[in-house]
Amino acid sequence: MNRRTIWIAALTASGFFVIVVAGIVLIPRFLYPPLSATDLHGVGNAQARIELQQAQFRLANDARSSILQSCVGLLVVIGAAATWWQVHVSRESQITERFTRAVDQLGRENVNVRIGGIYALERIAKNSAADRDPIQFLLGAYVRNKLQWRVGAADGPEHPTAAVDEQLPRMRVRAPDVQAAMGVLGRRPRSRDDQVVYMSRVDLRSISLRDARLTGAQFRHTNLARATLAGAQLDRTDLTDADLRQTVLQDTNLNGANLSRAHLQGADLRRADLRGADLRGTNLSDTILDGTVLTGAEEDAATIWPTGLNAQMRRELGIIEAGREGNGPSGSA
């Protein structure tokens, strides 16, 4: 604390003390002033006059005690408020320090240190609602910068690749920090206004995100080949032109998802929920659709289905042809 703050605090305390003393001395005297001879003029008995004066004095003392108790109570409240504020400021300072340290860890060369920083950010997000959005943005940027999949760039990758690289190590092996960051994003606390997770044009091949909560996320042109997304909440996600070949999507919620032009060859969609999904131009050849819910899903002439799933069977499953009257939401192309 600087000298000016100390002086202000001292003057405030002195002023409060003066007001309290003045109140204790003056207010009872104003409310119950001592009885004068004029006030007692009509009382002939000396003993009665004494009793009246003593009663007036007791009333003044009672008022003084009440004022003193009120001041003590006020001081207790002020002290509690000051303590709370001090704790609050201290907590905010600690969170800021932890946040700064965790961000610094993300830039270290040692992958274990980076993972530690990622999990530290998750702890901060759980304890501080105000920091959740910045942490989500920070981790999203970290993943996007770490494993770009620059579809459409002059020197960008072929998308989809000619074949799925089945020799590529799982994400937890080839980039454990990215696996950790995506895991944190998939476990982020629920809130009324969840922010969108932006993961478009990212190389997420062979990542494991079982039961992740990524509702409304953006995965446009992202490579998710051989990923494990079983039980994930991917409803209303944008997976336009995403590479989902050989991806495990068992029991996954893809309700209302945009899968237009996505590549799902060989994906496992058993018991997945694709109600209202946009499947225009989607390649679903060799996918496993046992128990998959497709009611209201939208197809077009470019949609490729597994062998044997003819038009009549698709109608029975509730799949809608694009452009047909009464169809569901088409989603963006």
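Student: Okay, accessible areas come from the Shrake-Rupley method with a 1.4 Å probe. How much area does the chain expose?

Tutor: About 18700 Å², with carbon and sulfur atoms supplying 55% of it. Keep in mind that this is a predicted model.

Student: Got it. And what percentage of the residues count as buried?

Tutor: 39% of the chain's 333 residues do. Buried here means under 20% relative accessible area.

Student: What kind of box do the C-alpha atoms fill?

Tutor: Roughly 120 × 50 × 30 Å, taken along the principal axes. The radius of gyration adds to that picture: the chain has 36 Å, while a compact globule of 333 residues would be near 20 Å.

Student: How many helices and strands are there in the chain?

Tutor: Seven helices and two strands. Going along the sequence, the pattern is α-α-α-α-α-α-β-α-β.

Student: How much of the contact in the chain is between residues 24 or more positions apart?

Tutor: Such pairs make up 34% of the contacts with a separation of 6 or more.

Student: Let's zoom in. Is α6 mostly covered or uncovered?

Tutor: Helix α6, residues 176–186, is mostly covered, with 10 of its 11 residues buried. Among them are D177, V178, M182 and L185.

Student: What do those buried residues pack against?

Tutor: Three other helices: α3 (111–127), α4 and α5 (171–174).

Student: Tell me about α4, then. How far does α4 reach?

Tutor: Helix α4 covers residues 132–146 and reaches 21 Å from its first C-alpha to its last, close to the 21 Å expected for its 15 residues. Its buried residues are I135, Q136, L139, G140, A141, Y142 and V143.

Student: And α5? What does R174 touch in there?

Tutor: R174 does lie in α5. Apart from neighbours within four places in sequence, R174 is in contact with L147, L168, P169, D203, L204 and R205. There is also a pair to look at on screen: R174 and I207 are 33 residues apart in sequence, and their C-alpha atoms are 9.8 Å apart in space.

Student: With all those contacts, is R174 buried or partly exposed?

Tutor: R174 counts as partly exposed, because its relative accessibility is 26%. Partly exposed is the range between under 20% and over 50%.

Student: What about a pair that sits further along the chain? How far apart are the C-alpha atoms of S70 and L209?

Tutor: They are separated by 59 Å, with their positions 139 residues apart along the chain. S70 is in helix α2, residues 46–106. S70 is partly exposed, since its relative accessible area is 48%.

Student: Switching to loops. Where is P189?

Tutor: P189 is in the loop between α6 and β1. Not counting residues up to four places away in sequence, P189 touches A125, K126, R132, D194 and R213. Its C-alpha is 9.0 Å from that of A129, which is 60 residues away along the chain. With a relative accessible area of 28%, P189 is partly exposed.

Student: What else is in the loop between α6 and β1?

Tutor: D235 is in that loop too, with β1 being residues 298–299. D235 counts as buried because its relative accessibility is 11%.

Student: Which residues is D235 in contact with?

Tutor: T215, G216, N253, L254 and N255, leaving aside neighbours within four places in sequence.

Student: Any odd backbone angles? What is phi for Q246?

Tutor: It is positive, about 60°, although Q246 is not a glycine. R271 is another non-glycine residue with a positive phi, near 60°. Q246 is found in the loop between α6 and β1, and R271 has its place in that loop as well. Q246 counts as partly exposed at 32% relative accessibility, and R271 counts as partly exposed at 44%.

Student: One more! Is the peptide bond from H159 to P160 cis or trans?

Tutor: Cis, with omega near -5°. You can find P160 in the loop between α4 and α5.

Student: And the charges? How far apart are the mean positions of the positive and negative ones?

Tutor: They are 8 Å apart, counting 40 positive and 35 negative charges in the chain.

Key
Residues are numbered from 1 along each chain as its sequence is written. This is a predicted model: local features need pLDDT of at least 70, side-chain atom pairs count only at pLDDT 80 or more; totals for chains, interfaces and linings use all residues. Side-chain values use heavy atoms; hydrogens and water are left out. Helices (H or I, at least four residues) and strands (E, at least two) are DSSP runs, numbered from the N terminus. The expected span of a helix is 1.5 Å times one less than its number of residues. Buried means under 20% relative accessible area, exposed over 50%, partly exposed in between (1.4 Å probe, protein chains only). The radius of gyration is taken over C-alpha atoms; the globule rule is 2.2 Å times the number of residues to the power 0.38. Contact means heavy atoms within 4.5 Å. Lys and Arg count as positive and Asp and Glu as negative; His and the chain ends are not counted. The place of a charge is taken as NZ of Lys, CZ of Arg, CG of Asp or CD of Glu.
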